[in-house]
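Here is a quick tour of one protein model, starting with a backbone oddity and moving on to the overall picture. Have the structure open as you read.

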Amino acid sequence: MAVRIGELLLKERRITPAQLQEALTCQKTQGGKIGHHLVTLGFVRDEEITSILSKQYGVPSINLSQFDLDPGVIKLIPVETANKYQVVPLSRSGATLTIAMTDPTNVFAMDDIKFMTGYNVEPVVASETAVNQAIARYYAAPAAPPARIGTEKRPEKKPAGPSANLNSAATLEMVTKALEESAAVVDDDVELLEELDQIDVSSLEKQGGEAPVIRLVNLMLMSAIQKGASDIHVEPYEKEFRVRFRVDGILYNAMAPPMKFRDAITSRIKIMAKLDIAEKRLPQDGRIKIRFAVDGATKEIDFRVSCLPTLFGEKIVLRLLDKDKLMLDMTKLGFDPEALLKLETAISKPWGMVLVTGPTGSGKTNTLYSSIAKINTTETNIMTAEDPVEFNLVGVNQVQVRENIGLNFAAALRSFLRQDPNIILVGEIRDFETAEIAVKASLTGHLVLSTLHTNDAPGTISRLMNMGIEPFLVASSVNLICAQRLVRRICTQCKEDHPTPPQALADAGFTPEEAHQVVPKRGRGCDRCNGTGYKGRVGLYEVMEITEELRELVLVGASTLELKRKAVDEGMITLRRSGLRKVIEGVTTIEEVARETVK
């Protein structure tokens, strides 16, 4: 066994012959397994040994450190038996008990446990180190019950950060392989609210309906909800199939399902989203709504699904739309007091245009919804055109844009003007036609809210002119422009001082006085933030109110730089300055501000 593991490690170039020889020497003098010594000497990681064991034994593998085990399941196997056979019970589903073992070929251990518990035993392989740690953790003292969603176990280890190593797919594959075979997520706990009635392609439907695939997709969705992800990326490559989560704006690897499940997983998601599973050449968009149990109550969450054909299959991105996380209180979004006052003043005006700008995923929709919630009264008629409608707002007439039948933003806007509106929200101004109608609507007694993709607030003026809108129309219609970004918050549980040289602070944009006084904070890393030092996000805002002086500059064709200088002179807080204020307040770090803004 030992030599075989060594040979596999050598073959995959994970260790050198000299390292293997040193580990074998330690094994001869100290005993134990070769894998344990390789990890102890620091030649390989624990996850790599587990991957090799999985290949050697031909059974799924698992990383025990990524799971919180149920104390009720732990009690099924006594501590003496766990130590004797080096096993840890993982989960129970019906008459099947899934256990993690260092040696899944030990049929005597499995028979003993089967006789002792009365359950059928399903083994998965785990490293010796991980099993010993799990035994010490769960059998030493009664474990506190983990927060549970359905029957899924909560991972607690640090997720890979922005520099996640994609070569460590072994670690990711461990989790997926084990859970697809075990019953870590029971299908009955996740209820699809809108299932497709009939699928014409019987083979794809059969693949997508197989129990392991359903469990795996349910696991993926529930795991993303647990970790607070905003997006799920399902990505096929030539020799790899990976799933990534975006948490607090950063993508990291979550799973690496086996390649043989690629088509089945894709089909399952498309069936749930009511998409055509036979169409693999064109992009498709859909929606999934699921209901699941949490803390004894049921909760519903929507997933916006986008399917895009790529070279090696269809890439699917699911955007999580959790109504409970929709922040409609503008005072809690992170606005500076003076910026918030300007925005509230602009949206309280009876006409004009308020634009929110920023890249995809910067919180523009949340800001617009918060603005609407602020001015949504029984006396106002609010119409919105969105692509897609992300959240349903009470008292607001929301229209889903459908380009394929000709219902685009421009067509929706024209219809709105015949619906006696007070306030119009346009999801995005993408072209001249939409911009022209929105500008004219704002000049004829309507308040128009919309978004644009620009880098900063002053640049929005140039963007509108580049679309073909005349300068005098821009100057007359636009009341306020709000550019925004999202940065990660420092975890409040592990926040600590992080003294930084004054020169570095000055380079970041602090004044000389501030550079000698400010002591930035950072997160040390803890269980609450999964070791990242960050938990949650906060907005940075650059609010430019279009004053009379700025209107005159727009009319004479001033450049973006000139507009910015004038706006700053009039008190505009730039994105960088807004970020530096958050650093002074200890809300975020200089690294986060530098990542999202420029001086």
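## Backbone quirks and one helix pair

In this predicted model, P388 sits in the loop that links β12 (382-386) and β13 (397-400). The peptide bond leading into P388 from D387 is cis, with omega near -5°.

Two other loop residues are worth a look for their phi values. Q86 has a positive phi although it isn't a glycine, and K274 isn't a glycine either but also has a positive phi. Here they are side by side:

| Residue | Phi | Loop between | Relative accessibility |
|---|---|---|---|
| Q86 | near 55° | α6 (79-85) and β1 (87-93) | 16% |
| K274 | about 60° | α12 (262-272) and β8 (284-294) | 44% |

Q86 counts as buried because its 16% falls under the 20% cut-off. K274, at 44%, counts as partly exposed.

Now for some helix packing. Helix α13 (residues 337-347) packs against helix α14 (residues 364-375) at an angle of about 60°, and their axes are 10 Å apart. That angle makes α13 oblique to α14, and the crossing is right-handed. On the α13 side, L343, E344 and I347 meet T367, S371, K374 and I375 of α14. Sorted by class, this contact has three nonpolar, two polar and two charged residues.

Zooming out, the protein chain has 24 helices and 19 strands. Of its 599 residues, 51% are buried. Among contacts with a separation of 6 or more, 67% are between residues 24 or more positions apart. The chain exposes about 27,200 Å², with carbon and sulfur atoms supplying 50% of that area.

Key. Residues are numbered from 1 along each chain as its sequence is written. This is a predicted model: local features need pLDDT of at least 70, side-chain atom pairs count only at pLDDT 80 or more; totals for chains, interfaces and linings use all residues. Side-chain values use heavy atoms; hydrogens and water are left out. Helices (H or I, at least four residues) and strands (E, at least two) are DSSP runs, numbered from the N terminus. Buried means under 20% relative accessible area, exposed over 50%, partly exposed in between (1.4 Å probe, protein chains only). Contact means heavy atoms within 4.5 Å. Accessible areas come from the Shrake-Rupley method with a 1.4 Å probe; for residues, only the protein chains shown count as cover. Axes are lines fitted to C-alpha atoms, for helices over the stretch in contact, and angles run from 0 to 180 degrees between N-to-C directions. Angles under 35 degrees count as roughly parallel, over 145 as roughly antiparallel, 65 to 115 as roughly perpendicular and the rest as oblique. A crossing is left-handed if the near helix is turned anticlockwise from the far one by less than a right angle, and right-handed if clockwise. Ala, Val, Leu, Ile, Met, Phe, Trp, Tyr, Cys and Pro count as nonpolar, Asp, Glu, Lys and Arg as charged, and the others, Gly among them, as polar.
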